[in-house]
Structure formats: C-alpha cells, structure tokens
Amino acid sequence: MTTLVAENLGKSYGDAVILEGINFQANPGDSIAFMSPSGSGKSTLLSMLGLLLTPISGRVVVDGVDTSTLNDKQLSKLRLENVGFVFQHTQLIGSLRAIENVTVPANFSAQGAKAKAEQAREMLCQLGLEKRLLHYPHQLSVGQKRRVALARALVMDPPIVIADEPTNDLDAESRNSVADALFDRCAQGGILLFATHDEELASRATRIMRLDGKTFKEA
C-alpha cells in the first residue's frame, strides 16, 4: 500500500522563507487536515506534496521513492499513477464538457479516456450532476464546477488525494457530498491530504496539522 513521507520540507521565494522543517508520514487510511490563516503557505505545501512544486529543502518520498531523484518524465508518471489533485480554483478546461473534463487524466495513461467514460459518468451522477454531464464549465455553478473537479481527481483511483479548500463556497448539501466522497477514499485505504478553514470538515480527519511559525505541527 502507498505511503507518503515529507522530510524536512521547506520553500522560499528569494529571501522570503514560506515554509520550513515540515515532517510527517501518511499511511493508507490516513486523512490529514492542514489549517492556517489565508496566504500562509497551505497551497504551497499541498503543491509540494502533490509533486507540482519543487521544495527548496527536504524531500517527498512516495511509496519508498525519493521524488527528488526523478527527472520530469519520471515525476509526471509517478504523479499520474499516485496523486489526484483537487485545486482550489477547479482549473476546468472551458472547451470541454463536464464528463470530458473528468476523463482528461486518462488521456495521459495507457487506458485512454474512453475506458474511463462510464466511471466518470457514474461519479458525476453520485455527486448529483446527472443532468450536467454535457454542460460546459461556464454553464455550471461554482459548486458544480468543484464537484466536477473532484470527480476528475478521483477518476484514476489514485492512492493519494490532495485537496485545496475542497468545500470552499459550497452549500451544505454540496459540502457534505464532496466531503463524503473524499473520506470514502480513506475508508478504502487511500490517503487524503487537504487544506481547509472548515473546522467541521477538519474534525473528520484522523489528524490535524496547524501552522506553528513556518512549519506545520500536529495539533
């Protein structure tokens, strides 16, 4: 089963230190909520954990692989096979319909988008979007876009899901459906790492890490 280890992670921009000395291990079934004020580095941390941003110090080890030793092609392959990312600003492709947005990651795999089309449809229906499968992003509400983005992150069945403010701007019903889908992955042995301001959502996690200076420590 996949594990993720952060060892002495740090990030700075020029002389400005954003984060430093972050250490933790996430095992199958773990869910970790990262909490801190806005603009204090949560998104930066998630981007490093999701292998989208290179740390200035330390390393991320995924399933025993030191990702700092990988080239861009190897890193992309590892990320595709192991990480599903729910971005704070959804980043849907405007020219694609909802179901097509969900199957985008499959285009970069050997399976192809057609192989994931039925699973994408089922996921969108489970998230209450059965009447929005063929809608473009501009035809969707903020909450609907967020649920499409969630389905896209989950469609490849990644062992690690990383979510940046996944329930932000959602009504209660949408918030619950998104949260349930995320935590269901943990129940199946996956790892969930997420940033949130929502104390209720964070309380569902197995662990909460809060910002202390420039590092995150377990509360």
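Let me start with G190, which sits in the loop between α6, residues 172–187, and strand β8, and let me say at once that what we have on the screen is a predicted model. Is G190 buried or exposed? With a relative accessible area of 8%, G190 is buried, because buried here means under 20%. If we leave aside the neighbours within four places in sequence, the residues in contact with G190 are P28, G29, D30, P159 and R185. Please also look at G190 together with T215, since these two are 25 residues apart in sequence, and from C-alpha to C-alpha they are 25 Å apart in space.

From that loop we can walk into the sheet. It is an open sheet of 6 strands with mixed pairing, and the order across it is β6-β7-β8-β3-β9-β10. The strands at the edges are β6 and β10, the latter covering residues 215–218, and each of them pairs on one side only. On average, neighbouring strands of this sheet are turned by 20° against each other, with direction ignored. For those of you who are new to this, strands of a sheet pair through backbone hydrogen bonds, and the pairing is either parallel or antiparallel.

Now let us stay with β3 for a while, which spans residues 31–35. On one side, β3 is joined by 4 bridges to β8, residues 191–195, and the two strands run parallel. Within that pairing, S31 stands opposite L192, and I32 stands opposite L193. β3 also pairs with β9, residues 207–212, again over 4 bridges and in the parallel sense, and there the bridge partner of A33 is I208.

How many of the residues of β3 are buried? The count is 5 of 5, so the strand is mostly covered, given that buried means under 20% relative accessible area. The side chains can be sorted by direction as well: S31, A33 and M35 point one way from β3, whereas I32 and F34 point the other way, and all of these are buried.

Before we leave the sheet, please find α5, residues 142–154. This helix lies across β6 and β7, and it runs at about 170° to β6.

My next stop is helix α1, residues 42–49, where 7 of the 8 residues are buried, so that the helix is largely enclosed by the rest of the structure. The buried ones are K42, T44, L45, L46, S47, M48 and L49. Let me take T44 as one example from α1: its relative accessible area is 15%, and it counts as buried. Not counting residues up to four places away in sequence, T44 touches K11, Y13, L19 and L53.

Just after α1 we come to L51, which takes a positive phi of about 65°. L51 belongs to the loop between α1 and β4, residues 57–62, and with a relative accessible area of 6% it is buried. There is a positive phi at E165 too, near 50°, again in a residue other than glycine. E165 is found in the loop between β7, residues 160–164, and α6, and at 7% relative accessibility E165 counts as buried.

Finally, the pockets. Rolling a probe the size of a water molecule over the atoms shows where empty space is left. The largest pocket has a volume of about 510 Å³. It is lined by 17 residues, and the closest to its centre are R79, L80, V83, F87 and P105. Which elements each supply at least two residues of this lining? They are α2, residues 72–82, β6, residues 83–86, and α5. Sorted by class, the lining of the largest pocket has 11 nonpolar, 4 polar and 2 charged residues.

The second largest pocket has a volume of about 270 Å³, and the elements that give two or more residues to its lining are α4, residues 113–126, and α6. Among the residues that line this second pocket are Q119, E122, M123, S177, A181, D184 and R185. Its lining divides into 4 nonpolar, 4 polar and 4 charged residues. And R185 brings us back to the beginning, as it is one of the residues in contact with G190.

Conventions. Residues are numbered from 1 along each chain as its sequence is written. This is a predicted model: local features need pLDDT of at least 70, side-chain atom pairs count only at pLDDT 80 or more; totals for chains, interfaces and linings use all residues. Side-chain values use heavy atoms; hydrogens and water are left out. Buried means under 20% relative accessible area, exposed over 50%, partly exposed in between (1.4 Å probe, protein chains only). Two strands pair if DSSP finds at least two bridges between them. Contact means heavy atoms within 4.5 Å. On a 1 Å grid over the protein atoms alone, a cavity is a set of points where a 1.4 Å probe fits but cannot get out, and a pocket is an open set with protein on both sides within 12 Å along at least five of seven lines; lining residues have an atom within 4 Å of a point. Grid points are joined across faces, edges and corners, and a volume is the space filled by probe spheres set on the points. Ala, Val, Leu, Ile, Met, Phe, Trp, Tyr, Cys and Pro count as nonpolar, Asp, Glu, Lys and Arg as charged, and the others, Gly among them, as polar. Axes are lines fitted to C-alpha atoms, for helices over the stretch in contact, and angles run from 0 to 180 degrees between N-to-C directions.
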